[in-house]
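Reader: I should like to go through this structure by question and answer, beginning with its overall make-up. Please set it out for discussion.

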Amino acid sequence: MEPAEIKSEKKKVVAVVGGGLVGALNACFFAKRGFDVQVYESREDIRTAKVVKGRSINLALSHRGRSALKHVGLEEKIVSQGIPMHARMIHSLNGKQSPIPYGKKGQFILSVDRANLNKQLLTEAETYPNTKLNFDHKLQDWNAETGAMTFVRADGTKQQILADLIVGCDGAFSSIRKQFLRRSRFNYSQTYIPHGYMELTMPPRDGDFAMKPNYLHIWPRNTFMMIALPNLDKTFTCTLFMPFENFEEITTGDEVLEFFQKYFPDAIPLIGVEALKCDYFRLPAQAMVSVKCSPYHIADKCVLMGDAAHAVVPFYGQGMNAGFEDCIVFDEIMDQFNDDLSEVLPEYTRVRVPDDHAIADLAMYNYIEMRAHVNSKWFLFRKYVDNFLHFLMPRTIVPLYTMVTFTRTRYHQAVERWQWQNKVINRGLFFCGTGAVLGGSYLLFKNPPNVDKIHIDVEKMWNRLLSTGTS
Ligand code: FAD
Ligand code: EGU
């Protein structure tokens with residue numbers, strides 16, 4: 001299409017670059033507002049693609065993502081095609097499984113199929129007469145002054161396209177963002193973590209799920225971790241997280257087996273010995289990157305959303321959810337400023353940057369925490385403590401994951417509240433601790449130990465303090 005053709009329309013043209021999860025959803029939001037929406041996606045249409053990837057890859061969808069889907073009337077449909085996960089199932093090394101609920105009855109997250117979600121969003125976007133999907137359009141370059149974009153197609157042909165607003169939804173390695181990087185006062189940081197991930201499929205057993213389906217299965221092993229989410233076809237997609245150097249140390253099928261024998265023995269019969277030996281080498285481990293930047297906009301011309309603005313490591317299950325929430329936040333600001341882009345774009349940056357940076361930090365924090373000391377016992381203990389304190393003081397102490405997963409509390413406020421709660425909890429522990437020490441000292445004073453053979457044994461002192469303190 002020639003620029004003139006688009007410009008001749010009265011409606012403002014919004015070019016959404018990237019037809020992934022956030023791009024396709026954003027197309028619906030802009031179409032609803034009456035813009036002329038053009039989506040440009042580098043890949044072919046995944047709904048009609050001949051080479052279909054056999055495996056299903058899934059994602060955890062929670063409240064923020066669902067809220068965004070609700071805005072475009074897709075919530076029920078997507079939820080009905082998802083599998084509710086009411087609890088985590090923690091797999092200990094000895095094979096013991098312990099469930100920890102996510103919340104009260106009726107509070108759950110959903111395992112949704114990424115490809116299916118993307119297809120449904122594209123189909124929904126297409127139902128608007130003012131939306132056009134352009135597949136096989138790869139953005140090669142664009143000009144931040146004029147807003148002119150150059151797309152290349154599989155056959156090598158190039159096209160120049162103009163739009164009133166460019167919305168960069170082209171993922172963690174965004175081409176749109178490249179022009180931001182050339183500008184003054186643009187902040188940017190990217191960090192690759194030492195871990196990679198690998199997806200393995202756990203087939204159905206006797207025609208049914210090999211493990212309980214309505215759980216997010218977790219094998220926490222400090223530096224190694226595996227997570228499994230259920231699929232509608234009764235398979236589970238297992239994601240193994242471990243440092244690249246450990247991935248590289250394993251070079252033969254037998255070594256894979258040996259590794260699983262040591263860390264995930266209960267998963268071996270469920271994935272299958274032969275499948276495991278083979279699947280491990282099908283694809284190399286994938287990298288994970290965290291990207292933070294600001295501002296998210298250039299004048300009234302261009303704005304970044306989703307992973308293009310904030311790729312986060314997957315250790316909070318929030319990347320897509322945050323990207324979907326970006327669309328709601330932008331939409332609300334559009335309402336507030338009557339679609340005046342010169343006002344809306346700076347306001348969007350002002351409002352959204354602190355929240356996206358907060359979730360990027362939280363996800364990275366959780367990665368470091370899990371890697372440092374989260375084995376199954378510690379994970380269980382921490383979640384029990386969190387849930388117990390919430391049970392005792394439901395209004396004062398709300399677990400961080402609850403605010404992140406089941407509310408639309410602004411991410412940066414969730415972090416502030418969490419830090420405040422930690423202070424309260426630590427003070428509580430401190431007072432209990434001082435109380436115990438004072439009480440214990442008093443009892444020791446009244447019943448002095450045998451002074452003849454004093455030798456200081458800290459462990460014994462503690463045991464004594466504890467037993468006298470509680471008796
Ligand atoms: P993408 O999904 O990457 O889509 C970008 C699109 O842009 C693609 O279709 C691409 O083809 C297209 N594109 C790229 N370059 C160009 C170009 N030059 N021209 C035209 N088109 C282009 N999030 C959750 O909420 N829950 C989870 O449980 C979860 N689990 C995850 C597990 C793993 C292992 C990983 C890695 C991520 C996980 N995420 C999860 C994060 C989630 O995958 C991303 O946040 C989400 O896919 C971002 O969507 P997006 O549309 O911004 O980017
Ligand atoms: C990682 C990879 C458990 C899908 C964080 C919890 C994730 C997901 C947790 C992946 C964990 C970790 C939370 C949810 C979710 C937990 C959460 C992580 C989905 C703090 C497909 N994480 N994930 N936290 O609480 O809030 O259960 O690949 F192991 S869902 Cl790392 Cl709620």
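Reader: How many helices and strands does the secondary structure of the chain come to?
Author: The model is a predicted one. Both kinds of element occur in the chain, and its secondary structure comes to 16 helices and 19 strands.

Reader: What percentage of the residues of the chain count as buried?
Author: The accessible surface of the chain is about 23,600 Å², and carbon and sulfur atoms hold 56% of that surface. The chain has 471 residues, and the share of them that counts as buried is 49%.

Reader: Among contacts with a separation of 6 or more, what percentage is accounted for by residues 24 or more positions apart?
Author: The count leaves aside contacts in the chain with a separation below 6. Of those that remain, residues 24 or more positions apart account for 71%.

Reader: In which order do the strands of the open sheet with mixed pairing stand?
Author: Strand 8 (131-134) and strand 18 (297-298) each have a single partner strand, so they stand at the edges, with one side of each left without a neighbour in the sheet. Within the sheet, strand 1 (13-17) and strand 12 (165-168) run parallel and are joined by four bridges, one pairing being V14 with L165. The six strands stand in the order 8-2-1-12-19-18.

Reader: Which residue of strand 16 is the bridge partner of H195?
Author: Strand 13 (187-202) has an antiparallel pairing with strand 17 (286-294) over eight bridges, where Y197 stands opposite Q286. Strand 13 also pairs with strand 16 (236-243), again antiparallel and over eight bridges. In strand 16, the partner of H195 is P243.

Reader: Which residue of strand 7 is the bridge partner of L61?
Author: Strand 3 is covered on both faces, with N58 and A60 buried on one side and L59 and L61 buried on the other. Strand 3 runs antiparallel to strand 7 (109-113), and four bridges join the two. In strand 7, the partner of L61 is L110.

Reader: Is E41 buried or exposed?
Author: E41 is found in the loop between strand 2 (36-40) and strand 3. Its contacts beyond four places in sequence are G18, G19, G20, N134, F135, D136 and H137. The cut-off for a buried residue is under 20% relative accessible area. Because the relative accessible area of E41 is 7%, E41 is buried.

Reader: The backbone nitrogen of which residue lies 2.7 Å from a polar atom of the side chain of E41?
Author: Three glycines, G18, G19 and G20, are among the residues that E41 touches. The one whose backbone nitrogen lies 2.7 Å from a polar side-chain atom of E41 is G19.

Reader: What percentage of the area that ligand 1 exposes when taken alone does the protein bury?
Author: Ligand 1 is surrounded by 27 residues, of which E41, R43, A60, R114 and D307 are the closest. Oxygen atoms of ligand 1 lie 2.5 Å from a polar side-chain atom of R114 and 2.9 Å from a backbone N or O atom of V22. A nitrogen atom of ligand 1 lies 2.9 Å from a backbone N or O atom of L139. Taken alone, ligand 1 exposes 1,000 Å², and the share that the protein buries is 84%.

Reader: Which element gives the largest share of the shell around ligand 1?
Author: By class, this shell divides into ten nonpolar, eleven polar and six charged residues. Two or more residues each come from helix 2 (21-32), strand 3, strand 9 (138-142) and helix 11 (319-336). The largest share, three residues, comes from helix 11.

Reader: What percentage of the accessible area that ligand 2 has on its own does the protein cover?
Author: Of the 20 residues around ligand 2, those that come nearest are R88, Y102, P314, F315 and N366. A side-chain N or O atom lies 3.0 Å from an oxygen atom of ligand 2 in the case of R88, and 2.8 Å in the case of Y102. On its own, ligand 2 has 620 Å² of accessible area, and the protein covers 94%.

Reader: How many residues of the shell around ligand 2 are nonpolar?
Author: Elements that each supply at least two residues of this shell include strand 3 (58-61), strand 14 (215-221), strand 15 (224-230) and helix 12 (341-373). By class, four residues of the shell are polar and two are charged, while the nonpolar ones number 14.

Methods
Residues are numbered from 1 along each chain as its sequence is written. Chains are lettered from A and ligands numbered from 1 in the order in which they are written. This is a predicted model: local features need pLDDT of at least 70, side-chain atom pairs count only at pLDDT 80 or more; totals for chains, interfaces and linings use all residues. Side-chain values use heavy atoms; hydrogens and water are left out. Buried means under 20% relative accessible area, exposed over 50%, partly exposed in between (1.4 Å probe, protein chains only). Contact means heavy atoms within 4.5 Å. Accessible areas come from the Shrake-Rupley method with a 1.4 Å probe; for residues, only the protein chains shown count as cover. A residue is near a molecule or strand if one of its heavy atoms lies within 4 Å of it. A polar contact is a pair of N or O atoms within 3.5 Å; within protein, one must be able to donate a hydrogen and the other to accept it, and residues adjacent in sequence count only if both atoms are side-chain atoms. Ala, Val, Leu, Ile, Met, Phe, Trp, Tyr, Cys and Pro count as nonpolar, Asp, Glu, Lys and Arg as charged, and the others, Gly among them, as polar. Two strands pair if DSSP finds at least two bridges between them.
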